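Open your viewer, set the display to cartoon and keep the selection box handy. We will go from stop to stop together.

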Amino acid sequence: MIKYLGSKRRLVPVLGDLLDRAGAVTAIDLFTGTTRVAQEFKARGAEVWALDSARYSAVFADCYVATDAREIDHRELAGAVAELDALPGEDGYVTETFCRRARFFQPRNGMRIDAIREGIERRFAGSRLRPILLTSLLEAADRVDSTTGVQMAYLKDWAPRSFAPLRLRIPRVLDGPGHTVAGDAVGLTASLPEVDLAYVDPPYNQHRYFTNYHVWETLVAWDRPEHYGIACKRVDARDEHTRSAFNSRRSIVPALAGVIGRLRARVCVVSISDESWISLPELVEMCRHRGEVEVLTYDSRRYVGAQIGVFDPSGRRVGRVSHVRNSEHLVISGDAGDVREIVGAASSTASAAAAG
Ligand SMILES: C[S@@+](CC[C@H](N)C(=O)[O-])C[C@H]1O[C@@H](n2cnc3c(N)ncnc32)[C@H](O)[C@@H]1O
């Protein structure tokens, strides 16, 4: 899975246990990002709806959530991955934009990305393998990038991993049905079905996913956009329609309250961190109408960029790291019996997650 700001890697087993304890067989992963939480829910037998506004996230959801592994020809998939992985490099948009103008990948890997992305479009445009192959490419590119984990800047000296040759792997798709819902949570939440458990993990401050992961947006859209700035961001990053209500201090509270209010779920679990613009008491208040509200708190390491430090494009340190750990809260609401039952069990897994 790709490196991702706010990814819930350490909380995944806790969230999976909450799903089990709630006896949930249907679930929503709202703001699914990498889809790692949706994958955990699906692996534990739930039918999942995974929603996000990022285009790459919809590709991950099509691959890991909406694809039923039992309906895939695995020999054909292995053949397609091998065929793409054997393509010789081509000098194209990625090489020019993200290897020469910006330095997100070494040029020989950029040329492989160009060739493989073109190959997917040429050979697998209408195929059900397409999202699996695109996921394979995005994950392979992520393993050899030269960033601190976001695509707003690249490292002055190439990251050691960027010297490795780009290699495709076959994504591990899961058995069972699932659903991708692509678009804005503000408008789409009301159209989601009623489920047993909904997990809600919104952005919580000014950091925009559209710009932080613009290379993945472009690799999926494959529209060779005009770009600007040192990081060669897509020009449509300046457009209103690419902005999220969850990245604005003014709109984040009504947007989240609206989403929580419209969700139809027996149990609702909302993530929040102590770096959020929304305070814990505010979030608890937003969930009150659902019934009982309980909070679980976990200590967690901050994302890699924060741990390395803050640098300008020439590699000069321009900021100090204030702290390298923060607290993640899970706000759980629903029927009192359900909430007490699942929270009691979750406290026992809390120490394992905190130690991770
Ligand atoms: C904290 S991350 C979620 C991380 C995810 N739980 C994981 O473990 O990978 C927040 C996500 O919200 C998405 N997002 C931002 N604004 C959105 C909106 N208005 N509607 C839907 N998704 C949005 C971002 O693309 C990002 O993937």
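Where does His214 lie? Select it: His214 lies in helix α10. Keep in mind throughout that this is a predicted model.

**Stop 1: His214 and its neighbours**

Show the side chain of His214 and ask whether it is buried or exposed. His214 has a relative accessible area of 1%, so it falls under the 20% cut-off for buried residues. Now display what surrounds the histidine. Leaving aside residues up to four places away in sequence, His214 touches Phe98, Phe104, Gln151, Ala231, Cys232, Lys233 and Arg234.

**Stop 2: Cys232**

One of those contacts of His214, Cys232, deserves a click of its own. Cys232 sits in the loop between β5 (227-228) and β6 (233-234). Check its backbone: phi of Cys232 is near 55°, which is a positive value in a residue other than glycine. With a relative accessible area of 4%, Cys232 is buried.

**Stop 3: α3 against α10**

Go back to helix α10 (residues 214-221) and add helix α3 (residues 55-66) to the selection. How do their axes meet? They come within 8 Å and cross at roughly 65°. To see the contact itself, show Arg55, Tyr56 and Val59 in α3 together with Trp216, Glu217, Val220 and Ala221 in α10. Coloured by class, this contact has five nonpolar, no polar and two charged residues.

**Stop 4: α4 against α6**

Next, select helix α4 (residues 74-85) and helix α6 (residues 107-124). The axes of these two helices come within 9 Å and cross at roughly 135°. That angle makes α4 oblique to α6. Which hand does the crossing have? The crossing of α4 and α6 is right-handed.

Switch on side chains here. From α4, the residues to show are Ala80, Glu83, Leu84 and Asp85, which meet Arg112, Ile116, Gly119, Ile120, Arg123 and Phe124 in α6. Sorted by class, the contact of α4 with α6 has five nonpolar, one polar and four charged residues.

**Stop 5: strand β4 and its partners**

Hide the helices for a moment and pick strand β4 (residues 195-200). How many of its residues are buried? Six of its six residues are, so the strand is mostly covered.

Now bring in the neighbouring strands. Strand β1 (residues 26-30) runs parallel to β4, and four bridges join the two. For a landmark in this pairing, label Ile28, which stands opposite Ala198 in β4. Then add strand β7 (residues 265-273), which pairs with β4 in the parallel sense over five bridges. Here the pair to label is Val195 and its bridge partner in β7, Ala265.

**Stop 6: Phe31**

From β1, follow the chain into the loop between β1 and α2 (36-43), where you will find Phe31. Phe31 is not a glycine, yet it has a positive phi of about 70°. Is this side chain buried or exposed? At 13% relative accessibility, Phe31 counts as buried.

**Stop 7: Ile332**

Move on to strand β11 (residues 325-334) and select Ile332 within it. At 0% relative accessibility, Ile332 counts as buried. Draw a distance between the C-alpha atoms of Ile332 and Val270: they are 62 residues apart along the chain and separated by 6.6 Å.

Expand the selection to the contacts of Ile332. Not counting residues up to four places away in sequence, Ile332 touches Leu18, Val267, Cys268, Val269, Glu292, Val293, Glu294, Leu296, Val339, Ile342 and Val343.

**Stop 8: Ser244**

For a last residue, select Ser244, in the loop between β6 and α11 (252-262). Ser244 counts as partly exposed, at 25% relative accessibility. Draw one more C-alpha to C-alpha distance, from Ser244 to Tyr209: they lie 35 residues apart in sequence and 9.0 Å apart in space.

**Zooming out**

Finally, bring the whole model back into view. The protein has 14 helices and 11 strands. Of its 356 residues, 55% count as buried. If you have a contact map to hand, how many of the contacts between residues at least 6 apart in sequence join residues at least 24 apart? The share is 76%.

Definitions and conventions. Residues are numbered from 1 along each chain as its sequence is written. This is a predicted model: local features need pLDDT of at least 70, side-chain atom pairs count only at pLDDT 80 or more; totals for chains, interfaces and linings use all residues. Side-chain values use heavy atoms; hydrogens and water are left out. Buried means under 20% relative accessible area, exposed over 50%, partly exposed in between (1.4 Å probe, protein chains only). Two strands pair if DSSP finds at least two bridges between them. Axes are lines fitted to C-alpha atoms, for helices over the stretch in contact, and angles run from 0 to 180 degrees between N-to-C directions. Angles under 35 degrees count as roughly parallel, over 145 as roughly antiparallel, 65 to 115 as roughly perpendicular and the rest as oblique. A crossing is left-handed if the near helix is turned anticlockwise from the far one by less than a right angle, and right-handed if clockwise. Contact means heavy atoms within 4.5 Å. Ala, Val, Leu, Ile, Met, Phe, Trp, Tyr, Cys and Pro count as nonpolar, Asp, Glu, Lys and Arg as charged, and the others, Gly among them, as polar.
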